Amino acid sequence: MMRTTTATPQSTLHAGGEHSSSFIELTTVLVLGGGVIFAGVMLLLAISLSKQRLVNTKLWLIGGGIAFPAVVLCTLFFYSEWLRPAWRPSLPANALVVTVKAHMWWWDVSYQDTQSRLHFVTANEIRLPLGRPVYFALTSEDVIHSFWVPALGGKMDMVPGRIQHLLITPVRQGQWRGQCAEFCGTQHALMALDVIVSAPAEYEAWAKAQAQPAVEAELPHPGRYAFMSNHCNFCHNVRGMPDADEVHGKPRLGPDLTHIASRHTLAAGALPNTMQNMHHWITNTQEVKPDARMPSGAERIPQQELEDIAKWLSMLK
């Protein structure tokens, strides 16, 4: 699959979604409004100092200390409520449903497309079609996490045992960075994900490819045999391998690796996705991400087998 775009700044001021544009509007109002109020206060101060006369203290306390702040704050409250997306959005008829389950410290991503009837699972990267509503179902497998892609919408906490919903509509193509926004342990800072928004036709081609088993998983390769002989398949699923159907639908401890070579990063945004980094990640996992649930391969797997596994995984596009 073709890789698109360069990641944009992780900022709400680089809006790429329909709802996120309201953040820019609200920020503009707050900055300009705050500037006007500050300028007004400084003007009143200058006038009072220049005339050097006593003022009606009671009048200024009631007007400037109670009435004016009450009017401003009430106005801002109702204005922000008008801009705020629905807390419990309804599911649009043509929405793409994406379920994101947070783990320590990676993202499990499942797609359910009612239009194309495609259902598939990926990890640590999300791809979306331009202009189509996306209905996120968000939950957690262990502790409280928080899903936040600043350019596309507000953040939403991910609570174990509960499903939260977030509705966004991408309005610009690009690659947007997301981040866990709730402290969730030692590797919280290395729990990121890329969100790539592409044209509908490009997204459909990608989705059809993702829904298929990995062709390379069916071919003889030393890395495939090393992957299975070292029981990597106990924690990671690769559709197309002999045991994939036997455990289909059963949860595994690690991310789905079926098309891992098509993703931009490894280890939930910790490393760019290259074969060298793949080898470094599986060999020195605890060096890259201390306390990650996967042990370092160097502690238990021969070096040649680690090289073979890295080469094989880098083929899974």
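This report describes strand pairing, burial and helix packing in a predicted model.

## The open sheet

Strands of a sheet pair through backbone hydrogen bonds, in either a parallel or an antiparallel sense. In this model, an open sheet is formed by five strands arranged in the order E3-E2-E1-E5-E8, with mixed pairing. The edges are occupied by strand E3 (119-123) and E8; each has a single partner strand, so one side of each is left without a neighbour in the sheet. On average, and with direction ignored, neighbouring strands of this sheet are turned by 20° against each other.

At one edge, strand E5 (residues 134-140) pairs with E8 in the antiparallel sense, over five bridges. Within this pairing, Val134 stands opposite Ile168 in E8, and the bridge partner of Leu138 in E8 is Gln164. Although E8 is an edge strand, four of the five residues of strand E8 (residues 164-168) are buried, so E8 is largely enclosed by the rest of the structure.

Helix H3 (residues 200-210) lies across three strands, namely strand E1 (96-103), strand E2 (106-113) and E3. The helix runs at about 90° to E3.

## Strand E10 and its partners

Strand E10 (residues 192-198) is mostly covered, with seven of its seven residues buried. Ala192, Asp194, Ile196 and Ser198 point one way from E10, whereas Leu193, Val195 and Val197 point the other way. Both sets, including Asp194 and Ser198, are buried.

E10 pairs with strand E4 (residues 125-129) and with strand E9 (residues 174-180). The E4 pairing is parallel and comprises five bridges; there, Arg127 has Ile196 of E10 as its bridge partner. The E9 pairing runs antiparallel and comprises six bridges, and in it Gln179 is matched with Ala192 of E10.

## Helices packed against H7

A pair of packed helices is described by the angle between the axes and the distance between the axes. The table gives these values for two helices that pack against helix H7 (residues 303-313).

| Helix pair | Angle | Axis distance |
|---|---|---|
| H5 (residues 275-283) and H7 | about 130° | 9 Å |
| H4 (residues 222-229) and H7 | about 115° | 7 Å |

The angle of about 130° between H5 and H7 makes H5 oblique to H7. H5 passes H7 in a right-handed crossing. On the H5 side, the residues in contact are Met275, Met278, His279, Ile282 and Thr283; these meet Gln303, Leu306, Glu307, Ile309, Ala310, Lys311 and Leu313 in H7. Classified by residue type, the contact of H5 with H7 has seven nonpolar, three polar and two charged residues.

For the second pair, the angle of about 115° makes H4 roughly perpendicular to H7. The crossing of H4 past H7 is left-handed. H4 contributes Pro222, Gly223, Arg224, Ala226, Phe227 and Ser229 to the contact, and H7 contributes Glu305, Asp308, Ile309, Trp312 and Leu313. By class, this contact of H4 with H7 has six nonpolar, two polar and three charged residues.

Ile309 and Leu313 of H7 take part in the contact with H5 and also in the contact with H4.

Definitions and conventions: Residues are numbered from 1 along each chain as its sequence is written. This is a predicted model: local features need pLDDT of at least 70, side-chain atom pairs count only at pLDDT 80 or more; totals for chains, interfaces and linings use all residues. Side-chain values use heavy atoms; hydrogens and water are left out. Buried means under 20% relative accessible area, exposed over 50%, partly exposed in between (1.4 Å probe, protein chains only). Helices (H or I, at least four residues) and strands (E, at least two) are DSSP runs, numbered from the N terminus. Two strands pair if DSSP finds at least two bridges between them. Axes are lines fitted to C-alpha atoms, for helices over the stretch in contact, and angles run from 0 to 180 degrees between N-to-C directions. Angles under 35 degrees count as roughly parallel, over 145 as roughly antiparallel, 65 to 115 as roughly perpendicular and the rest as oblique. A crossing is left-handed if the near helix is turned anticlockwise from the far one by less than a right angle, and right-handed if clockwise. Contact means heavy atoms within 4.5 Å. Ala, Val, Leu, Ile, Met, Phe, Trp, Tyr, Cys and Pro count as nonpolar, Asp, Glu, Lys and Arg as charged, and the others, Gly among them, as polar.
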